[in-house]
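Me: I'd like to go through this one with you and ask where the labels come from. Ready when you are.

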Amino acid sequence: MDEVIQVTQWLSSITPRKKAKLFFFTTHADAPSPMVGSNDVDTHEETQLPLATTVALHNFKNIDEFLKKKVNTFSCYNVIENEITKTDYEYLRFYSACKYLDVVPPFLDLEKISAIQNKFEMTDEERDYRLLLDSADLVLEKVCDSQKPAGVSQMWTALRKDRNLIRGVKTIDIIGFFVDPNPTGIKECLFFFIVRFLQKADKINRVNTDRLERLIAQCDESSSCEEGKTIDFIIDSLRFYPTELYPFGFCLIMCVIEGRDGAMQEIEKTMEISRHLGMITHTEKNPTKETIELVKKELMKPRYQFYSSFTCWFMSHGDSNSMVLADGETIEREWFLTSFPDISTFQLKPKVFFMVSCRGANKFSLKGDEFEGQSATCDYYDIGSALIRNRMLDITDSVRDISYVQPMMDTLVAYSTILDHLSGRANTHGSIYVDRACVLMSENISRGRSLTEILEHLSQDLHEILQETMDEDRIVYKQACHYDSFFRKTLKLPYTRHPKEDVHSAPQ
């Protein structure tokens, strides 16, 4: 059958909603750069004009033409270059999106997909199409699905009112002020246009979504949300790191075995829990500094950009500042922790480090005869046998105690700035940190948010603000806050607002 006819038949079999989503996933906003075959030409027209015209004309002609062009490009593409190209990246994204939406063209060359995956040096586990989907886009898809056409229309109206943001943008004028998002697929096109517009304007990314949240917050809940959904529910879905589908992330396990009894059990347990969580795992036994450098170099390879999170377990002997490696050499813990976040493939993605080593020799000792012979590290305790617990210690009640508590337990220390850095102030409002913290806490009362959620949001919010020193140099800077948590339970803000007390009234 003629290829033109095949493409036409394929497009005619896709619903308007799926066409909008396929276009959205294919025009992924965070494609890595620089890449071979890419350039600095603004892709504004390519990613936004088809959506704008579709919304304005209620016609999917331009999106169809875009998808035809993609298919034709892939059909003519020869996978022969040694270096990874922009087309390689786009081909994998297009294939994964088609697979996810169940609209894979029957004429798509799967051997080319395999050849491109070979260029990325993907393992068998990494060839799962779900790895190739961008988790942030999947979250945004769910946000779109949770809204009625009226809700997206209200977001559009709110966006149009921000004249400084939309000034001079031709595609905004193409859509116009009033939009009918009710025809099938138009709601999706309008929502995806708003998202891509905000991304291109550097107003949102996979971590910073406050600008989009504010648009959603202006919607009328009764008319904007699908059944069973609320404004709070929709906004909440944007407050988590996007880690949709499989795999949850990449897990690196580094463990010094020499001189550490039970080290192999540590490896088995961490491998098991990471796989149970849906991570793809790599283990390095007896790491040296050379091993660490090689792993860092490995993690910079292009295939790791497809992961949505990074977790590292590092298990060894150590002291207050350093960790002991397999060859007896030591590395500074701070050096280790600060070197991995610089890896570009995991930028704007959650990175979790489990640092398992001594940090000194002091002990919080418990006195008394009743504690003698009681220890959870004795071999006396049985090992559970069910699934993931089959090599875990069975911690019985006899070794549990709630009467003796470390002084720092149940404490959360929040800092307005990091070590050796400024904490900014405004001439009229005082501390910027105190101001933003109070605002965010006030906004989130009745939403059931935890204090740590608020502090994470505060960290994002504060770090977006450009500040200026008050001295004659007038230096512009950013501020970063952080916290150390020793919580054992989640602390949530109250569900109701407490009215301000009247200081003039007599107590009852």
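Reply: Let's begin with cavities: on a 1 Å grid over the protein atoms alone, a cavity is a set of points where a 1.4 Å probe fits but cannot get out, and lining residues have an atom within 4 Å of a point. Grid points are joined across faces, edges and corners, and a volume is the space filled by probe spheres set on the points. By that reckoning the second largest cavity has a volume of about 60 Å³. This is a predicted model, where local features need pLDDT of at least 70 and side-chain atom pairs count only at pLDDT 80 or more, while totals for chains, interfaces and linings use all residues. Residues are numbered from 1 along each chain as its sequence is written, and side-chain values use heavy atoms, with hydrogens and water left out.

Me: What lines the second largest cavity?

Reply: R130, L131, L133, S135, L138, E244, L245, Y246, P247, F306, Y307 and S308 do. Two elements give two or more residues to that lining, α7 (129-132) and α8 (135-145); helices here are DSSP runs (H or I, at least four residues), numbered from the N terminus.

Me: Why is T26 called buried?

Reply: Buried means under 20% relative accessible area, with a 1.4 Å probe and protein chains only. T26 has 8% relative accessibility, so T26 counts as buried. T26 sits in helix α2 (residues 16-26) and touches F66, K70 and F94, leaving aside residues up to four places away in sequence; contact means heavy atoms within 4.5 Å.

Me: What makes α5 largely enclosed by the rest of the structure?

Reply: Of its 16 residues, 13 are buried, so α5 is largely enclosed.

Me: And how do you know that the reach of α5 is close to the one expected?

Reply: The expected span is 1.5 Å times one less than the number of residues. For helix α5 (residues 86-101) that gives 22 Å, and the reach from first C-alpha to last is 23 Å, so close to it by that definition. After α5 comes D102, with a positive phi near 60 degrees.

Me: What makes the largest nonpolar core a core, and which residues touch the most other members?

Reply: A nonpolar core is a set of buried Ala, Val, Leu, Ile, Met, Phe, Trp, Tyr and Cys residues joined through side-chain atoms within 4.5 Å. The largest has 94 residues, and W10, F336 and F340 touch the most other members. Helix α12 (residues 186-200) contributes the most, ten residues.

Technical notes
Buried < 20%, exposed > 50% of the residue type's maximum accessible area, 1.4 Å probe, protein only. 1 Å grid on protein atoms, 1.4 Å probe; cavity = no way out; pocket = protein on both sides within 12 Å on 5 of 7 lines; lining within 4 Å.
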